[in-house]
Amino acid sequence: MRVEVEPEMLVWARQRSGLTVGDLGHRFPRLADWERGERLPTLKQLESYAQATHTPVGFLFLSEPPAESIPIPDFRTMGDVGVRRASPDLLETIYLCEQRQEWYRDFAQLNGEEPVAAVGSLDVAVPVVDAASVMRSALRFSVGERGGSWSDAFRLLAQRAEDLGVLVMVSGVVGSNTHRRLDPAEFRGFALVDDRAPLVFLNGADTKAAQIFTLVHELAHVWIGGTALDDIDPAAERGGATERWCNQVAAEVLLPLAAGRDDLLADEPLTDKLERVARRYKVSTLVVLRRVHDAGGLTWDAYRTAYRAELDRIMGIVEARGGRSGGNFFNTQPARVSRRFARAVVTSTLEGQTLHRDAFRMLGLKKATTFQEMAARLGTS
């Protein structure tokens with residue numbers, strides 16, 4: 001049975017997903033005919049098309065595309081050139097995190113958890129150096145406390161943030177679907193601020209060094225009590241006062257200008273300096289470049305030229321990785337959903353307050369044995 005659908009809706013669904021007719025042609029050989037209105041798909045074909053384009057099938061029966069908007073403030077700049085329409089991957093990731101946050105807020109209230117003290121405790125009128133000092137102290141993340149690698153530093157920073165009550169979620173895919181990789185060129189992270197369930201999501205397809213800066217940047221949004229979607233471009237000038245402040249605070253938390261000035265102004269080739277300082281402070285080379293400029297070691301024009309070249313190099317590395325994370329599932333999955341959140345869901349389920357079905361959905365699990373193993377590894381069984 002063929003179904004009546006507007007050709008415009010089929011074109012919209014494809015473009016929304018970022019796919020071309022060529023990308024979908026092997027699965028839907030008559031797609032070009034559908035889009036021209038010369039032929040109609042069957043219901044089964046339409047359902048398959050909706051799945052392939054990550055579109056709710058009900059949308060395809062509308063007479064015109066719905067007005068989809070990002071449900072949180074969007075501070076992305078993409079190098080000062082504006083941003084494209086949000087992808088289904090980004091929208092679904094935000095919706096999923098909002099659902100998790102809502103569940104955890106109820107859990108926290110039910111269990112008498114106090115509001116998270118950091119939320120809204122600063123504002124953009126606070127001098128950058130002072131705000132950075134407050135955050136660095138609360139996170140216990142001085143230069144000497146960052147471990148031996150970027151991964152060590154990130155794990156420590158994420159754990160310290162969770163100890164303060166922030167849910168830190170890191171994933172390079174939509175939910176648990178490894179076939180739907182998140183694109184760091186679209187977004188780096190976002191913060192969903194709530195006094196009992198502040199949540200930070202980081203794009204795990206990004207480099208570990210970039211994730212460290214993104215995490216601190218998003219935590220700055222938590223400290224000023226503002227929800228935000230970011231691409232975290234230290235070179236951007238269009239992001240507005242709040243975004244610039246968060247960028248500056250994150251840079252100062254990770255690489256204090258007063259303490260690092262000698263490193264930043266050392267007389268050595270720039271590429272050598274970037275690698276050496278990045279390794280010492282566990283930051284990205286892009287952050288080091290910005291701090292070299294801040295310290296007076298590069299003019300604005302020289303900085304922008306070097307930044308573009310370094311960004312291209314890093315994005316090439318990210319692309320070559322293809323978002324592969326690997327690792328043990330029982331280490332990876334709790335990080336995707338936040339270890340604090342995972343422990344809360346497991347505890348609530350074992351106490352009979354949450355259905356196993358709902359717990360599986362929120363944790364991205366399918367089997368009871370996997371749930372039991374996760375519970376044991378999280379120390380909640």
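This is a short talk on the strands, helices, salt bridges and cysteines of one predicted model.

Two notes on conventions. Residues are numbered from 1 along each chain as its sequence is written, and side-chain values use heavy atoms, with hydrogens and water left out. As the model is a prediction, local features need pLDDT of at least 70 and side-chain atom pairs count only at pLDDT 80 or more, while totals for chains, interfaces and linings use all residues.

I start with the strands. Helices and strands here are DSSP runs numbered from the N terminus, with at least four residues of H or I for a helix and at least two of E for a strand. Strand 1 covers residues 167–171, and five of its five residues are buried. Buried means under 20% relative accessible area, exposed means over 50%, and partly exposed is in between, with a 1.4 Å probe and protein chains only. L167, M169 and S171 point one way from strand 1, V168 and V170 point the other way, and all are buried. The partner is strand 5, residues 199–203, which pairs with strand 1 in the parallel sense over five bridges; two strands pair if DSSP finds at least two bridges between them. Within that pairing, V170 stands opposite L202.

Just ahead of the strand, V166 is found in the loop between helix 7 (150–163) and strand 1. V166 is also buried, at 2% relative accessibility. Its C-alpha atom is separated by 9.0 Å from that of S338, 172 residues apart along the chain. S338 lies in the loop between helix 14 (329–337) and helix 15 (339–350), and its relative accessible area is 0%. Its phi is near 85 degrees, a positive value in a residue other than glycine.

H54 is another non-glycine residue with a positive phi, about 55 degrees. H54 sits in the loop between helix 4 and helix 5 and is partly exposed, at 26% relative accessible area. F61 has its place in the loop between helix 4 (43–52) and helix 5 (88–110). F61 is partly exposed as well, at 43%, and with M1, L43 and V57 it forms a nonpolar patch on the surface, about 400 Å² of accessible area together. For that area, the method is Shrake-Rupley with a 1.4 Å probe, and for residues only the protein chains shown count as cover. A patch takes residues with over 30% relative accessible area and no salt bridge, joining like charges within 9 Å and nonpolar side chains (Val, Leu, Ile, Met, Phe, Trp, Tyr) within 5 Å.

Back to strands for the hairpin. Strand 2 (residues 173–174) and strand 3 (residues 177–181) pair in the antiparallel sense over two bridges, with V174 opposite N177. Two residues lie between these strands, and G175 takes a positive phi near 60 degrees.

Strand 3 also brings us to the salt bridges. How many does a search of the whole structure find? The count is 22 salt bridges, each being a side-chain nitrogen of Lys or Arg within 4 Å of a carboxyl oxygen of Asp or Glu. D89 and R180 meet in one of them, at 2.6 Å from N to O. This pair links distant parts of the chain, D89 in helix 5 and R180 in strand 3, 91 residues apart. D89 is buried at 16%, and R180 at 9%.

R291 and E252 form another, with the closest N and O atoms 2.4 Å apart. Here the link runs from helix 12 (residues 285–294) to helix 9 (residues 240–254), over 39 residues along the chain. R291 is buried at 5% and E252 at 8%.

A further bridge joins R30 and D33 at 2.7 Å. R30 is partly exposed at 38%, whereas D33 is buried at 14%. R30, D33, R36 and E38 are linked in a network of salt bridges.

Next, helix 17, residues 368–377. Which of its residues are buried? They are T370, F371, M374 and A375. These cover an arc of only 140 degrees around the axis, so they lie on the same side of helix 17; the arc is that of the directions from the helix axis to the C-beta atoms. T369 and Q372 are exposed on the other side.

Last, the cysteines. The structure holds zero disulfides, a disulfide being a pair of cysteine sulfur atoms within 2.5 Å. For C97, the nearest cysteine sulfur is that of C246, 18 Å away. C97 is buried at 1%, and C246 is buried at 0%.
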